[in-house]
Amino acid sequence: MASNIWTQLERPMRILAPMEDVTDTVFRRIIGSLAPPDLYFTEFLRADLFHPRFGARMQRRLEFTETERPIIAQIWGNNTADYVMAAARLEQLGYDGIDINMGCPAPKLVKKGCCAGLIRTPNKAAELYAAACEGAPSLPVSIKTRIGLDTPETEDWIGFLLELRPAALTVHGRTAAEMSDPPADWSQVRLAVELRDRISPATVMVGNGDIGSESELQAAAAASGVEGVMIGRGIFEDLLVFRRQGKPWVDQPREVVLDAYIRHIDLHRSYWQGERNFEVLKKFARAYLHGLPDFEPVYRAGMRYHDHDSLIAFLQHSKIPVDSR
Ligand SMILES: Cc1cc2nc3c(=O)[nH]c(=O)nc-3n(C[C@H](O)[C@H](O)[C@H](O)COP(=O)(O)O)c2cc1C
């Protein structure tokens, strides 16, 4: 590996989690302008779609700007030839690293032996890891996973992955069966760090699950010993979660809040040009607007629009609160 981004960042690293339909280049650019993390991940990318016959379908998902660096591309699938091909392309595109998804619990994918389904087939997981390394020899290859499939099997599963000596390992402190329901178990993350110390001291450890503020991040890193903390849903509660100090998003002025959402919608329109559905933008409404004193009526009214122009016009109009009009 030519250079390893995982060893070059400040500790504890603050990492924006990969989230399908959320962390596209549009959201990454907005977060970069508000309060950038130390490291970005793409959404998970299907390795078989890197085949040239799918050309355009994957191309837009792969683009990123320099403001989104450093950036790791996450892939999923279970065919080694696809992994070699995908990794080679990601290396060529200038990504800073490649991550393999071994944690998504979606039953459809698990049944096919992908993502968290790989916990059942560790030898396959090892082959896929080797294939990614082969395809992108100059890049660090990391893995993101959970602590088990149905029950915690941290010693066996995390221990096995560490034998592969990945550049980094992200441990989400839940089993796949738990989906996102019970609180993440950071004692299992701590155990994973102890395994790392014994088995693969050079692997950088990242903990993930239920972190929503800088103080929680610091406490989790200190208690578990990880070098990095990954935040997923916490970004919806505070778009400024990666800022080390200052007021949270809910305390930002009305104009700042509405302008940020408008910028997101506008960039979504110009970047995706209809390739991605307008409706995905509504997932972000609560994240941007939940601190407004009149959040409920603004949110409900916003849901009635079905195109970029009319939603932007409505949000512009909403800069003046109803009671001051
Ligand atoms: C909408 C959504 C999409 C997600 N997509 C991905 C994904 O593409 N790849 C992945 O590894 N994890 C994905 N996850 C899981 C998150 O990366 C993270 O592991 C999980 O949300 C737990 O962290 P949190 O408690 O900070 O949210 C997704 C989670 C959410 C909520």
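A helix here is a DSSP run of at least four residues marked H or I, and helices are numbered from the N terminus. Keep that in mind for our opening example. Leucine 161 lies in helix H6, which covers residues 154-163. One word before we go on: this is a predicted model.

Let's stay with leucine 161. Is it buried or exposed? Its relative accessible area is 0%. Buried means under 20%, so leucine 161 is buried. Which residues does it touch, once we leave aside neighbours within four places in sequence? They are Met102, Ile143, Thr145, Pro166 and Leu169. Take Thr145 from that list. Threonine 145 is 16 residues away from leucine 161 along the chain, and their C-alpha atoms are separated by 9.6 Å.

Now step back to the whole chain. The secondary structure comes to 13 helices and eight strands. How does the radius of gyration compare with a compact globule? For 325 residues, a compact globule would have a value near 20 Å. The chain has 20 Å, so the two agree. Along the principal axes, the C-alpha atoms fill a box of roughly 65 × 45 × 35 Å.

Next, burial and surface. Of the 325 residues, 57% count as buried. The accessible surface comes to about 13700 Å². Carbon and sulfur atoms hold 53% of that surface.

What about contacts along the sequence? Look at contacts with a separation of 6 or more. Residues 24 or more positions apart account for 72% of them.

Charges, quickly. The chain has 38 positive and 43 negative charges. How far apart are their mean positions? The answer is 4 Å.

On to domains. The domain assignment gives domain 1 as 5-237 and domain 2 as 252-324. Their centres, taken over C-alpha atoms, are separated by 30 Å. The two domains do touch: 18 residues of domain 1 are in contact with 15 residues of domain 2.

Here is a residue to click on: histidine 264. Find it in helix H10, residues 254-272. Its relative accessibility is 1%, so histidine 264 counts as buried. What does it contact, beyond its neighbours within four places in sequence? Val26, Phe27 and Ile30 are on the list. So are Leu281, Phe284 and Tyr288.

Compare that with another buried residue, leucine 62. Leucine 62 lies in helix H2. With a relative accessible area of 2%, leucine 62 is buried. Leaving aside neighbours within four places in sequence, its contacts are Leu45, Phe50, Arg89, Leu90, Leu93 and Tyr95. Phenylalanine 50 is twelve residues from leucine 62 along the chain, with 9.9 Å between the C-alpha atoms.

Now the start of the chain. Methionine 1 lies in the segment before S1. Is methionine 1 buried or exposed? At 55% relative accessibility, it counts as exposed. Exposed does not mean without contacts. Not counting residues up to four places away in sequence, methionine 1 touches Pro137, Ser138, Leu139 and Pro140. For a longer view, take alanine 176, which is 175 residues from methionine 1 along the chain. Their C-alpha atoms are separated by 31 Å.

Last topic: backbone geometry. Most residues other than glycine have a negative phi, and most peptide bonds are trans. Here are some exceptions.

Cis bonds to begin with. A cis peptide bond joins arginine 11 and proline 12, with omega about -15°. Proline 12 sits in the segment before strand S1, residues 13-16. The bond from arginine 69 to proline 70 is also cis, with omega near -10°. Where is proline 70? In the loop between helix H2, 55-62, and strand S3, 71-76.

Then positive phi. Methionine 179 has a phi near 50°, a positive value in a residue other than glycine. The residue lies in the loop between strand S6, 168-175, and helix H7, 186-199. At 35% relative accessibility, methionine 179 counts as partly exposed.

Glutamine 273 has a positive phi too, near 45°. Its place is the loop between H10 and helix H11, 285-289. At 68% relative accessibility, glutamine 273 counts as exposed.

To recap on the backbone: cis bonds at Arg11 to Pro12 and Arg69 to Pro70, positive phi at methionine 179 and glutamine 273. Thanks, everyone.

Notes
Residues are numbered from 1 along each chain as its sequence is written. This is a predicted model: local features need pLDDT of at least 70, side-chain atom pairs count only at pLDDT 80 or more; totals for chains, interfaces and linings use all residues. Side-chain values use heavy atoms; hydrogens and water are left out. Helices (H or I, at least four residues) and strands (E, at least two) are DSSP runs, numbered from the N terminus. The radius of gyration is taken over C-alpha atoms; the globule rule is 2.2 Å times the number of residues to the power 0.38. Buried means under 20% relative accessible area, exposed over 50%, partly exposed in between (1.4 Å probe, protein chains only). Contact means heavy atoms within 4.5 Å. Accessible areas come from the Shrake-Rupley method with a 1.4 Å probe; for residues, only the protein chains shown count as cover. Lys and Arg count as positive and Asp and Glu as negative; His and the chain ends are not counted. The place of a charge is taken as NZ of Lys, CZ of Arg, CG of Asp or CD of Glu. Domain bounds come from an automatic or database domain assignment.
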